[in-house]
Amino acid sequence: MKIVGGGLAGLSLGISLRKQGVAVEVSEAGRYPQHKVCGEFICGVEDEVLKDLGVLNLLDDALVHRRMLWWVDDECVLERALPSPARGISRYVLDERLAGEFEKLGGDLRVGERAGGADGEGIVWAAGKSKKGGKRWIGLKAHFLMEGLDGLEMHVGNGGYMGLCEVSAGVVNACGLFLIDGEGKGRGKELILAYLRANGMHSLAERLDGASMDEASFSATAGFELGQQQRRGRVCIGDSLNLIPPYSGNGMSMALESSHLLSPLLVNYAGGALSWTDLSARYERETQQMFKRRMRTAQFFHPLFFHPLGREALGRLSRWRLLPITQLFSRLRRP
C-alpha cells in the first residue's frame, strides 16, 4: 500500500494500517518537523475514532479548550461555552509524533520525496488541497507568544477571518483565510498585520503587533479553492478529498475521520476480500454519507462572512443570542 502525503490524514491512516499488519509506504515531499497552515485544534471527531486509528495517546498533552469567542468587525458579539471541547496542539509537534509512531510500527516513511503523478491500485492520495483552482484565497498562519487567551477566538473582517488557539503554554496559533489582495505586501508578521488591517480587524492587529512571533512558524498557501477537491478518479483522504471552510473548525477532524473510514476497506483490499474498484465505490458512498451535510452547511454560511449584510446579520443574531450555535455546531460535525 502506498500513501502519497505524510500529513495528519496520511500518517494516521498509515498508523492504523500498520497496527493491522498491512505493509505501508508513505511518501512526504517535506521533512519533519514542519509548520503548516492549519487551525491546530481538533474538535468533533470522537475519541473512539482516535483510539481505533491508534493516535489518541499522541494527544495526551494537548490543551483542552472549552470556550469560544467571536468578533465581527472588531466587536465581540459572542462568548459562550463550546458545545464540545477542542484539543489544541501544534501540527509542528503532532505530525512529527505521528511520523515517529508510524516508523515505530514498521512503516516505510520516505521524506523529501514527491510522488508526481503516481496513480493506480493500492495508492491513496493525502497530499493536501488542490492547487489548480483559482487565485482567490490565501491562508496565513504563525505562532505568537501571548498570555490570557481563554478558549478559541474567531475574528471576522470584511474580506477574511482569523482564528486564535493556544497550542502550548503561552503559545498561540493565529491562522486566517483571506481574499487575496494585491496590495498585501511583505512577509511573515508584516503580511499578517497588513491583511488584518486591510480587512478591518484593527484590534486583533494591535494585539498581534505587540506580541512576539516565532518567525520559523510563519506559513502561507494560496491558489486553492474550498469544497470538494479535484480527485481525478483517485482515492483521497483529508484535504485531498474535501476542503471545508476553515471557520467550521472541523478540518482536522474530517482528515482523521476520512482515514478512519478508509482503513477497514484497505485492510479488506490487502487481504484480497475487496477489489480496488469496489473499494473506491464503497468509499465514495461512505464519504458522501459522512461529509455531505456538513460540507453543504459550511458552504452555505461561508459567503455571509464576506458580505456586509451577512456579517451584520451574524453579528446581530450573535449579540441577541439568537444564532443557533449548538445546532450549527452539530451540523458541521455530524453526518
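This passage walks through the side-chain contacts, cysteines and unusual backbone spots of a predicted model.

The aromatic residues make a good starting point. Nine aromatic pairs turn up in the model. Take Trp 70 and Phe 305: their ring centres sit 6.2 Å apart with the planes at 65°, so this pair counts as edge-to-face. The two residues come from quite separate stretches of the chain. Trp 70 belongs to strand β4 (residues 63-72), while Phe 305 is found in the loop between α7 (276-301) and α8 (308-319), so the contact ties together parts that are 235 residues apart in sequence. Trp 70 and Phe 305 are both buried. They also have further company, since ring pairs link Trp 70, Trp 137, Tyr 161, Tyr 247, Phe 305 and Phe 306 into a cluster.

Some rings have a charged side chain over the face instead. Arg 234 lies over the face of Trp 125, at 3.8 Å from the ring centre. Lys 129 is placed in a similar way over the face of Phe 224, here at 5.5 Å from the ring centre.

Another tryptophan shows up on the outside. Trp 320 lies in the loop between α8 and α9 (325-331), and it is exposed, with a relative accessible area of 54%. Together with Leu 317 and Leu 322, Trp 320 forms a nonpolar patch on the surface, and the three residues have about 330 Å² of accessible area together.

Next come the salt bridges, of which there are 21. One of them joins Arg 97 to Asp 61, with the closest N and O atoms 2.7 Å apart. This bridge links distant parts of the chain: Arg 97 is in helix α3 (residues 91-104), Asp 61 is in the loop between α2 (47-53) and β4, and the two are 36 residues apart. Both ends are partly exposed, Arg 97 with a relative accessible area of 27% and Asp 61 with 48%.

Helix α3 also holds a more local bridge. Lys 104 and Glu 101 both lie in this helix, three residues apart, or about one turn. The closest N and O atoms of their salt bridge are 3.3 Å apart. The two ends sit in contrasting surroundings: Lys 104 is exposed at 64% relative accessibility, whereas Glu 101 is buried at 11%.

A further bridge connects the side chains of Arg 207 and Glu 153, at 2.9 Å from N to O. Here again distant parts of the chain are linked, with Arg 207 in helix α5 (residues 202-209) and Glu 153 in strand β9 (residues 152-156), 54 residues apart. Arg 207 is partly exposed at 31% relative accessibility, while Glu 153 is buried at 8%. Elsewhere, salt bridges that share partners join Lys 2, Glu 25, Asp 108, Arg 110 and Glu 113 into one network.

What about the cysteines? A disulfide is a covalent bond between the sulfur atoms of two cysteines. The model has zero disulfides. Cys 38 is in no disulfide, and the nearest cysteine sulfur, that of Cys 175, is 6.6 Å away. With sulfur atoms needing to be within 2.5 Å to count as a disulfide, Cys 165 does not qualify either: its sulfur is 9.3 Å from the closest cysteine sulfur, in Cys 38, which is too far for a bond. Both residues are tucked inside by the accessibility count, since Cys 38 is buried with a relative accessible area of 10% and Cys 165 is buried with 1%.

The backbone has a few oddities of its own. Most residues other than glycine have a negative phi, and most peptide bonds are trans. The peptide bond from Tyr 32 to Pro 33, however, is cis, with omega near -10°. Pro 33 is placed in the loop between β2 (25-28) and β3 (41-42). That loop between β2 and β3 also contains Glu 40, whose phi is near 60°, a positive value in a residue other than glycine. Glu 40 is buried, at 0% relative accessibility. Asp 73 has a positive phi too, near 50°, and is likewise a residue other than glycine. Asp 73 lies in the loop between β4 and β5 (75-88) and counts as partly exposed, at 40% relative accessibility.

Methods: Residues numbered from 1 in each chain as written. Predicted model: local features only at pLDDT ≥ 70, side-chain atom pairs only at ≥ 80, totals over all residues. Heavy atoms only, no water. Phe/Tyr/Trp six-rings, centres within 6.5 Å; stacked < 30°, edge-to-face > 60°. Helix = DSSP H or I, 4+ residues; strand = E, 2+ residues; numbered from the N terminus. Buried < 20%, exposed > 50% of the residue type's maximum accessible area, 1.4 Å probe, protein only. Lys NZ or Arg CZ within 6 Å of the ring centre and 35° of its normal. Patch = residues over 30% accessible without salt bridge, like charges linked within 9 Å, V, L, I, M, F, W, Y side chains within 5 Å. Areas by Shrake-Rupley, 256 points an atom, 1.4 Å probe, with all protein chains shown as cover. Salt bridge = Lys/Arg side-chain N within 4 Å of Asp/Glu carboxyl O.
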